[in-house]
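User: I would like to learn how to read a protein model. Could you take me through one, feature by feature?

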Amino acid sequence: MVEIERRQDEAQDQLRITIMNEFCRIMGRSGLPPMAVMRLAARAVGEVYREVADSHSGPNACPCNWRPNERADTDMLCTALMAAIRYKPVADLRTMRIAGSA
């Protein structure tokens with residue numbers, strides 16, 4: 001189980017870095033405010049979900065055995081988003097994730 005958690009942490013870190021870099025780049029290029037870009041990012045995640053779900057449905061479905069359940073999957077995505085956006089005070093700065101480099 002430790003191996004799966006490590007792989008999930010690595011994947012999450014890579015996605016966060018990629019999304020943050022693109023978010024900043026798009027804000028800089030477009031001049032759009034942060035929440036406009038956040039809304040567009042949320043729509044993009046929804047579109048990715050739809051495309052992946054479609055490829056896992058029907059007679060030519062991906063053989064990985066995942067079957068989309070739009071209601072349950074949406075609930076899970078919303079729960080993950082809400083958990084991630086809640087402010088979590090940090091008592092020890094040594095335990096904070098590094099946000100970038102100087």
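Analyst: We start with the overall layout and then turn to a pair of rings. Keep in mind that this model is predicted.

User: Which secondary structure elements does the chain have, and how many of each?

Analyst: Begin by listing the elements in order. Here the chain has three helices and zero strands, and from the N terminus the order reads α-α-α.

User: What share of the residues is buried?

Analyst: A residue counts as buried when its relative accessible area is under 20%. In this chain of 102 residues, 8% meet that cut-off. The accessible surface is about 9100 Å², and carbon and sulfur atoms make up 62% of that area.

User: What part of the contacts joins residues 24 or more positions apart?

Analyst: Among contacts with a separation of 6 or more, 16% join residues at that distance along the chain.

User: How many aromatic pairs are there, and which residues form one?

Analyst: The count is one aromatic pair. Tyr49 and Trp66 make an edge-to-face pair, with 6.2 Å from centre to centre and 80° between the planes. An angle over 60 degrees counts as edge-to-face.

User: Why does the pair tie together separate parts of the sequence?

Analyst: Look up where each partner sits. Tyr49 belongs to helix 2 (residues 34-55), while Trp66 is in the loop between helix 2 and helix 3 (70-85), so the pair links parts 17 residues apart in sequence.

User: Are the two partners buried or exposed?

Analyst: Tyr49 is buried, at 16% relative accessible area. Trp66 has a relative accessibility of 30% and counts as partly exposed.

Methods: Residues numbered from 1 in each chain as written. Predicted model: local features only at pLDDT ≥ 70, side-chain atom pairs only at ≥ 80, totals over all residues. Heavy atoms only, no water. Helix = DSSP H or I, 4+ residues; strand = E, 2+ residues; numbered from the N terminus. Buried < 20%, exposed > 50% of the residue type's maximum accessible area, 1.4 Å probe, protein only. Contact = heavy atoms within 4.5 Å. Areas by Shrake-Rupley, 256 points an atom, 1.4 Å probe, with all protein chains shown as cover. Phe/Tyr/Trp six-rings, centres within 6.5 Å; stacked < 30°, edge-to-face > 60°.
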